[in-house]
Amino acid sequence: MTSDFSFQHAFESLTTKLAAVVFYAFDINGVAIPMVLIWLISGALVFTCYLGFINVRGFSHAIGLLKNNKRSSETGEITPFQALSTALSGTVGTGNIAGVAVAISLGGPGATFWMIVAGLLGMSTKFVECTLAVKYRQINPDGSVSGGPMYYIKAALDKYNLPLTGTVLAMAFSVFVIFGSAGFVHVNQGFVQVKTVTGFDNAWLFGAVYAFLVGAVIIGGLKSIARVTSKLVPLMCGIYLLASLIVMLTHASAIPAALWLIIQGAFTPEAGYGGFIGVLIQGFRRAAYSNEAGIGSSPIAHAAAQTKDPVSQGFVGLLEPFIDTVVICTITALVIILTGAYQTPGLDGVQITSGAFASVFSWFPWVLMVALLLFGFSTVISWSYYGMTGWRYLVGTDKHLTRLYKVLFCFIVSMGAVPNVMAVFDFIDSMIFLMAVPNILALYLLLPEVKADLNAYWQKRQAR
């Protein structure tokens, strides 16, 4: 028992120190501003301006590309829509339900405005990283596709005559994504909601069943994951958005006032929310944590899309932050603001969102439970593929080693419902945001290349 305690103490100490470095923040007027957030948002701003606001002028074209979702003979494993669904399932999760509530409770309604702005800027980041993921992907001997930041990180540094640095950073990214892929947080939050609603209190059984279902999906590889997510994402979003629409309709007369409160609060926030900087940071933080633009996770899924033109998949990818943040997070925010749930004392996180819906439907905790389980499950299976890609980059594509990763992943998932794993949560969060460091560095280095490819793409289309 002493050795177990010593190991736990050592791990918690390590995690605390790691999180302090990764989420290092400087203070402005009493508001802590994480450096990693500045790294993500400044990158999104640079990419947006450098590419001539591709997030706006490329939006309608992206919608047009998504309409063509038929399987083709082009190189790749899944359709562009399935790639988008897989990537969305990795980002649309508990953060869209609980995280938005936290942002509003800490930053007030005005945080919603800055959340939308950050989501729009993040569309440009997704365009850049998804374009590069397809451009630098590799086709394995078995016909499967391997792609993502680890490949274009190496390519970027090679172009600047820094091959060793590129190798180290690509391997570091792979390590980060492997550890970051652990599905603890989603399994744990799903169990908490099930326990709250139904009274079921067997964490080990819940974890075992959850792991079995995850294993049943990921054993078939990316194609199996894509088939599930392409059906699960529309279903889970439909359930959640329908419930949200009903709440908004019951408060329809208050919608104009709520929208004005969002805009007014963004520029003239109450002092209690930390002033202008505090409101802005809460909105930007929620958007960055939610859509993962710049983290480098989604490009791994987009790299497998059936397309011969990397730029076209970049356009499809830019829809992610729009759906995740501008649509789903904003609708959650409106529900919370319209019902006034964020002003209810004693509520926190998912309880605020649950309280907002429960004010209209007393039975909504059951719907929220289903939504959280679907959101969490889809995120876990998508991240399993991200982690597996990092694993294969480090150890090779041998099928036995790939199978070992899947077994280890399911074992870790089975323990996710067990309480007292907050140190593990902090460790996983640190790994995920460490991914952004080498990823955005590579995006900067390859940005001129992306712009040249984009211009060539437009010229090719105009010549048709």
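**Close-up views of a predicted model**

**View 1. Cysteines without a disulfide.** A search of the whole structure finds zero disulfides, and the structure in question is a predicted model. A disulfide is a covalent bond between the sulfur atoms of two cysteines. Two of the cysteines can be placed by their accessibility: Cys130 is buried, with a relative accessible area of 0%, whereas Cys49 counts as partly exposed because its relative accessibility is 45%.

**View 2. The protein chain as a whole.** The secondary structure of the protein chain comprises 22 helices and four strands. Of the 464 residues in the chain, 57% are buried. When contacts between residues at least 6 apart in sequence are considered, 82% of them join residues at least 24 apart. The accessible surface of the protein chain amounts to about 19,100 Å², and carbon and sulfur atoms account for 67% of that area.

**View 3. Helix α2 and its buried side.** Helix α2 covers residues 35-50, and its 16 residues should span 22 Å at 1.5 Å a residue, which agrees with the 22 Å that separates its end C-alpha atoms. Which residues of α2 are buried? They are Val36, Leu37, Leu40, Ile41, Gly43, Ala44, Phe47 and Thr48. These buried residues cover an arc of only 155° around the axis, so they lie on the same side of α2. After α2 comes Gly52, which has a positive phi, near 65°.

**View 4. A salt bridge between helices α7 and α22.** In the whole structure, the search for salt bridges finds six. One of them is formed by Lys135 and Asp453, whose closest N and O atoms are 2.7 Å apart. Because Lys135 lies in helix α7 (residues 111-135) and Asp453 in helix α22 (residues 436-462), the pair ties together parts that are 318 residues apart in sequence. Lys135 counts as partly exposed, at 32% relative accessibility, and Asp453 also counts as partly exposed, at 25%.

**View 5. A salt bridge inside helix α8.** The side chains of Asp158 and Lys154 meet in a salt bridge, with an N to O distance of 2.8 Å. Where in the chain do Asp158 and Lys154 lie? Both belong to helix α8 (residues 149-159), where they are four residues apart, which is about one turn of the helix. Asp158 has a relative accessible area of 32% and is therefore partly exposed.

**View 6. A salt bridge from a loop to helix α22, and a network.** Asp309 and Lys460 bring their side chains together in a salt bridge, at 3.8 Å from N to O. Since Asp309 is located in the loop between α15 (298-302) and α16 (310-317), while Lys460 is located in helix α22, this pair ties together parts that are 151 residues apart in sequence. Is Asp309 buried or exposed? Asp309 is buried, because its relative accessible area of 17% falls under 20%. Its partner Lys460, by contrast, has a relative accessible area of 47% and is partly exposed. Elsewhere, salt bridges that share partners join four residues into one network, namely Lys135, Lys159, Glu449 and Asp453.

Conventions:
Residues numbered from 1 in each chain as written. Predicted model: local features only at pLDDT ≥ 70, side-chain atom pairs only at ≥ 80, totals over all residues. Heavy atoms only, no water. Helix = DSSP H or I, 4+ residues; strand = E, 2+ residues; numbered from the N terminus. Buried < 20%, exposed > 50% of the residue type's maximum accessible area, 1.4 Å probe, protein only. Contact = heavy atoms within 4.5 Å. Areas by Shrake-Rupley, 256 points an atom, 1.4 Å probe, with all protein chains shown as cover. Expected span 1.5 Å × (residues − 1). Arc of directions from axis to C-beta. Disulfide = S-S within 2.5 Å.
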